[in-house]
Amino acid sequence: MEGLTIRKARVADATRILGLVNELAVRQVMLPRSPASVLENIRDFVVAEQDGEFVGCGALHIVWSDLAEIRSIAVDPDAQTRGIGKRMAETLIDEAQDLGIAKLFAFTYVPGFFDKLGFAVVEHDTLPHKVFQDCMNCPKFQACDEIAVERVLDETNSVSLRREVSELPRPARAGD
Ligand SMILES: CC(C)(COP(=O)(O)OP(=O)(O)OC[C@H]1O[C@@H](n2cnc3c(N)ncnc32)[C@H](O)[C@@H]1OP(=O)(O)O)[C@@H](O)C(=O)NCCC(=O)NCCS
């Protein structure tokens with residue numbers, strides 16, 4: 001797409017990211033984010049600019065050694081259906097691949113968009129408990145109507161979460 005740039009977010013983008021995500025959340029098409037959660041995770045985000053104007057955002061959030069979430073992917077309603085969402089998602093997927101992430105997942109109301117990106121719908125309970133950490137702060141906690149989707153990027157490097165937990169070095173305790 002001519003004039004379209006996807007770049008890493010900067011702190012100055014947080015206002016526009018929050019404006020877009022929370023505008024779409026009011027329309028009930030995605031979940032809201034707080035200023036703190038966007039700023040603390042600003043390095044997760046990419047933004048899309050059309051001829052220098054902000055038109056979208058998306059984030060890749062690492063959950064564990066083999067698992068990351070694509071979240072808060074949003075395109076300005078006036079710029080939707082022009083391939084911008086797909087370009088941002090592909091950038092995030094490439095980043096996950098560069099990081100060595102074996103599996104991606106997302107919670108979404110638009111599984112059709114993720115289907116085009118090679119994701120498949122899965123049951124919520126197939127995902128590890130850790131991914132539900134943020135759900136505690138969600139207004140729809142215990143009444144979640146989002147659909148879980150996942151895409152395996154690297155089957156051979158997909159390690160068992162339980163094995164990794166037991167093998168990771170732990171901080172020393174006083175008296176050790
Ligand atoms: C979902 C969203 C990010 C898609 O971005 P977009 O720029 O409009 O989508 P694209 O033009 O890149 O579409 C890419 C492909 O997905 C398909 N697609 C897009 N939205 C879709 C939808 N709601 N349902 C089914 N398929 C969809 C397109 O047809 C296109 O298919 P193609 O590659 O065969 O042409 C955007 O519509 C949006 O911001 N929606 C509101 C927020 C939201 O729902 N975010 C989802 C993550 S929580």
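Valine 121 touches Pro111, Ile147, Ala148 and Val149, leaving aside residues up to four places away in sequence. This valine sits in strand 6, which spans residues 120–122 and is one of the two edge strands of the sheet. Its C-alpha lies 4.2 Å from that of valine 149, although 28 residues separate the two along the chain. Valine 121 counts as exposed because it has 12 C-beta neighbours inside 10 Å, and exposed means 12 or fewer. Keep in mind that all of this comes from a predicted model.

**The sheet**

So what does strand 6 belong to? The answer is an open sheet of seven strands, in the order 1-2-3-4-5-7-6, with mixed pairing. The edge strands are strand 6 and strand 1 (4–8), and each pairs on one side only. On average, and ignoring direction, neighbouring strands are turned by 30° against each other.

Look at strand 3 (residues 53–64) and strand 4: they run antiparallel and are joined by seven bridges. Within this pair, alanine 59 of the sheet stands opposite arginine 71 in strand 4.

Two helices pack here. Helix 1 (residues 14–26) touches strand 2 (45–50), strand 3 and strand 4, and its direction makes about 85° with that of strand 4. Helix 3 lies across strand 1, strand 2, strand 3, strand 4 and strand 5 (103–108), running at about 30° to strand 3.

**The core**

Nonpolar side chains tend to be buried together in soluble globular proteins. In this model the largest nonpolar core has 37 residues, and Ile17, Cys57 and Leu92 have the most contacts inside it. Helix 1, strand 2, strand 3, strand 4, helix 3, strand 5 and strand 7 (147–152) each give two or more residues to this core.

Cysteine 57 is worth clicking on. Not counting residues up to four places away in sequence, it touches Ala9, Ile17, Leu20, Phe45, Val46, Val47, Ser72 and Ala74.

**Two positive phi angles**

Most residues other than glycine have a negative phi. Serine 72, one of the contacts of cysteine 57, has a positive phi of about 50° without being a glycine. Aspartate 51 also has a positive phi of about 50°, and it is not a glycine either. Where do you find them? Serine 72 lies in strand 4, while aspartate 51 is in the loop between strand 2 and strand 3.

Here is how four residues score on burial:

| Residue | Other C-beta atoms within 10 Å | Class |
|---|---|---|
| Serine 72 | 26 | buried |
| Cysteine 135 | 15 | partly exposed |
| Valine 121 | 12 | exposed |
| Aspartate 51 | 9 | exposed |

Serine 72 counts as buried because its 26 neighbours meet the cut-off of 20 or more. Cysteine 135 is in the loop between strand 6 and strand 7. From C-alpha to C-alpha, cysteine 135 is 30 Å away from arginine 173, and the two are 38 residues apart in sequence.

**Around the ligand**

Which residues come nearest to the ligand? Of the 19 residues around it, they are Gln80, Gly85, Lys86, Val110 and Gly112. Strand 4 (67–75), helix 3 (84–99) and helix 4 (111–115) are the elements that give two or more residues to this shell. By type, the shell divides into ten nonpolar, six polar and three charged residues. Strand 4 and helix 3 thus turn up here as well as among the contributors to the nonpolar core.

Terms used: Residues are numbered from 1 along each chain as its sequence is written. This is a predicted model: local features need pLDDT of at least 70, side-chain atom pairs count only at pLDDT 80 or more; totals for chains, interfaces and linings use all residues. A residue is near a molecule or strand if its C-beta atom, placed from the backbone, lies within 6 Å of it. Helices (H or I, at least four residues) and strands (E, at least two) are DSSP runs, numbered from the N terminus. Ala, Val, Leu, Ile, Met, Phe, Trp, Tyr, Cys and Pro count as nonpolar, Asp, Glu, Lys and Arg as charged, and the others, Gly among them, as polar. Two strands pair if DSSP finds at least two bridges between them. Axes are lines fitted to C-alpha atoms, for helices over the stretch in contact, and angles run from 0 to 180 degrees between N-to-C directions. Two residues are in contact if their C-beta atoms, placed from the backbone, lie within 7 Å. A nonpolar core is a set of buried Ala, Val, Leu, Ile, Met, Phe, Trp, Tyr and Cys residues joined through C-beta atoms within 7 Å.
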